[in-house]
Amino acid sequence: MAKFQEAFDRLFKNFQVCRKCKSRIKAAKSKVLAGKVRCRVCHSKQLKPVRMK
Ligand SMILES: [Zn+2]
């Protein structure tokens, strides 16, 4: 599973999901918290990190 964890990190780290249209946006967490990132589809600022559980 260790190898898969690396792959997941690469795929989901720094990715955010739009709460409105569920599209994925690649953005650093610091930028999201600073409000500098918007969804490119619906221009919403409501983003959440991708969670795999
Ligand atoms: Zn959106």
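Reader: How do the residues of the lining of the largest pocket divide into nonpolar, polar and charged?

Author: Let us begin with the general idea, and keep in mind throughout that this is a predicted model. Rolling a probe the size of a water molecule over the atoms shows where empty space is left. In this structure, the largest pocket holds about 280 Å³ of space, and the residues of its lining comprise six that are nonpolar, three that are polar and four that are charged.

Reader: Which residues of that lining are the closest to the centre of the largest pocket?

Author: The lining is made of 13 residues, and those closest to the centre are D9, F12, K13, V50 and R51. If you look at the elements instead, helix 1 (2-12) and strand 1 are the ones that give two or more residues to this lining, and helix 1 gives the most, with four residues.

Reader: How many helices and strands does the protein have, and in what pattern do they follow each other along the sequence?

Author: There are two helices and three strands in the protein, and when you read along the sequence they appear in the pattern α-β-β-α-β.

Reader: In what order do the three strands lie in the sheet?

Author: Again the general idea comes before the case. Strands of a sheet pair through backbone hydrogen bonds, either parallel or antiparallel. Here the three strands form an open sheet in the order 2-1-3, and their pairing is antiparallel. Strand 2 (24-26) and strand 3 (47-49) are the edge strands, each of which pairs on one side only. On average, and with direction ignored, neighbouring strands of this sheet are turned by 40° against each other.

Reader: How many bridges join strand 1 to strand 3, and which residue is the bridge partner of C18?

Author: Strand 1 (residues 15-18) and strand 3 run antiparallel and are joined by three bridges; to follow one of them in the structure, start at C18 and look across to L47 in strand 3, which is its bridge partner.

Reader: Is E6 buried or exposed, and why?

Author: E6, which has its place in helix 1, counts as exposed because its relative accessible area is 54%, and the cut-off for exposed is over 50%. For the protein as a whole, buried residues make up 26% of the 53 residues.

Reader: What separation is there between the C-alpha atoms of E6 and K20?

Author: These two residues are 14 apart along the chain, and their C-alpha atoms are separated by 28 Å. As a frame for that value, the C-alpha atoms of the protein fill a box of roughly 35 × 20 × 15 Å, taken along the principal axes.

Conventions: Residues numbered from 1 in each chain as written. Predicted model: local features only at pLDDT ≥ 70, side-chain atom pairs only at ≥ 80, totals over all residues. Heavy atoms only, no water. Pairing = 2+ DSSP bridges. Axes fitted to C-alpha atoms, helices over the stretch in contact; angles between N-to-C directions. 1 Å grid on protein atoms, 1.4 Å probe; cavity = no way out; pocket = protein on both sides within 12 Å on 5 of 7 lines; lining within 4 Å. Points joined across faces, edges and corners; volume = space filled by probe spheres on them. Nonpolar A, V, L, I, M, F, W, Y, C, P; charged D, E, K, R; others polar. Buried < 20%, exposed > 50% of the residue type's maximum accessible area, 1.4 Å probe, protein only.
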